[in-house]
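Here is a walk through one protein chain, from its overall plan down to a few chosen residues. Keep the sequence and the model in view while reading.

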Amino acid sequence: MNENKVVHQVKRSMLPVVILSQLLQEPSHGYSMLSKLEEHGITGIKSGTLYPLLRTMEEAGDIAAEWEIAARGPARKNFKITEQGQQTLQEIRLWLRQIG
């Protein structure tokens with residue numbers, strides 16, 4: 001079934017909120033985030049969309065990243081929500097309740 005275009009656009013525009021919500025639960029790396037987005041019905045997000053958004057969120061201070069050196073495979077960047085990111089998420093959730 002094809003998703004309504006407006007619904008699809010709203011889901012995509014809510015990516016920062018979804019990412020902050022995911023990171024509130026546990027730190028994560030990009031590939032894992034893409035999988036979780038798909039689980040939540042946000043499909044078609046490519047790494048070329050996700051990684052620039054993560055960089056923007058990191059520059060804004062809502063998330064922080066640390067490199068994780070794996071015993072096998074390449075190093076990967078793990079992201080976690082910051083105190084500022086928790087505040088941002090709280091403000092957005094409050095606003096969504098007010099308009100809902």
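**A walk through the chain**

E68 has a relative accessible area of 29%, so E68 is partly exposed. The residue sits in strand 2, which covers residues 63-68. The model is a predicted one, and the values below are computed from it. E68 is a useful place to start, but the rest of the chain should be laid out before returning to it.

The protein chain contains five helices and three strands. Read from the N terminus, the elements follow the order α-α-β-α-α-β-β-α. Along the principal axes, the C-alpha atoms of the protein chain occupy a box of roughly 45 × 35 × 20 Å. The protein chain has 100 residues, and 28% of them count as buried. Among contacts in the protein chain with a separation of 6 or more, 49% are between residues 24 or more positions apart.

Next comes the sheet. The three strands form an open sheet in the order 1-3-2, and the pairing is antiparallel. Strand 1 and strand 2 are at the edges with a single partner strand each, so each of them has one side without a neighbour in the sheet. Helix 2 packs on this sheet and touches strand 1, strand 2 and strand 3, and its direction makes about 90° with that of strand 3.

How many bridges hold each pair of strands? Strand 1 and strand 3 run antiparallel and are joined by two bridges. Strand 2 pairs with strand 3 over six bridges, again in the antiparallel sense. N78 of strand 3 appears in both pairings: N78 is the bridge partner of H29, and E66 stands opposite N78. As a general point, side chains in a regular strand alternate between the two faces of the sheet.

H29 belongs to strand 1, which consists of residues 28-29. Is H29 buried or exposed? The relative accessibility of H29 is 15%, and the cut-off for buried is under 20%, so H29 counts as buried. Leaving out residues up to four places away in sequence, H29 touches R76, K77, N78 and F79. With one of these, R76, H29 also shares a polar contact between side chains, at 2.9 Å.

Now back to E68. Apart from neighbours within four places in sequence, E68 is in contact with A75, R76 and N78. The side chains of E68 and N78 are joined by a polar contact of 2.5 Å. R76 and N78 are thus among the residues touched by H29 and among those in contact with E68. E68 and H29 are 39 residues apart along the chain, and their C-alpha atoms are separated by 9.3 Å.

Directly after strand 1 in the numbering comes helix 3, residues 30-39. Which residues of helix 3 are buried? They are G30, S32, M33, L34, K36 and L37. These buried residues pack against helix 2 (15-25), strand 1, helix 4 (47-60) and strand 3 (76-81). Just after helix 3, G41 takes a positive phi of about 80°.

The packing against helix 2 can be followed from the other side, through Q22. Q22 lies in helix 2, and its relative accessibility of 8% means that Q22 counts as buried. Beyond residues up to four places away in sequence, Q22 touches M33, K36, L37 and H40. Of these, M33, K36 and L37 are listed among the buried residues of helix 3.

The last step is the meeting of helix 3 with helix 4. Two packed helices are described by the angle between their axes and the distance between the axes. Here the axes of helix 3 and helix 4 come within 11 Å and cross at roughly 115°. The crossing of helix 3 past helix 4 is right-handed. On the helix 3 side the contact is made by G30, Y31, M33 and L34, and on the helix 4 side by S47, L50, Y51 and L54. Sorted by class, this contact has six nonpolar residues, two polar ones and no charged ones.

How values were computed
Residues are numbered from 1 along each chain as its sequence is written. This is a predicted model: local features need pLDDT of at least 70, side-chain atom pairs count only at pLDDT 80 or more; totals for chains, interfaces and linings use all residues. Side-chain values use heavy atoms; hydrogens and water are left out. Helices (H or I, at least four residues) and strands (E, at least two) are DSSP runs, numbered from the N terminus. Buried means under 20% relative accessible area, exposed over 50%, partly exposed in between (1.4 Å probe, protein chains only). A polar contact is a pair of N or O atoms within 3.5 Å; within protein, one must be able to donate a hydrogen and the other to accept it, and residues adjacent in sequence count only if both atoms are side-chain atoms. Contact means heavy atoms within 4.5 Å. Axes are lines fitted to C-alpha atoms, for helices over the stretch in contact, and angles run from 0 to 180 degrees between N-to-C directions. A crossing is left-handed if the near helix is turned anticlockwise from the far one by less than a right angle, and right-handed if clockwise. Ala, Val, Leu, Ile, Met, Phe, Trp, Tyr, Cys and Pro count as nonpolar, Asp, Glu, Lys and Arg as charged, and the others, Gly among them, as polar. Two strands pair if DSSP finds at least two bridges between them.
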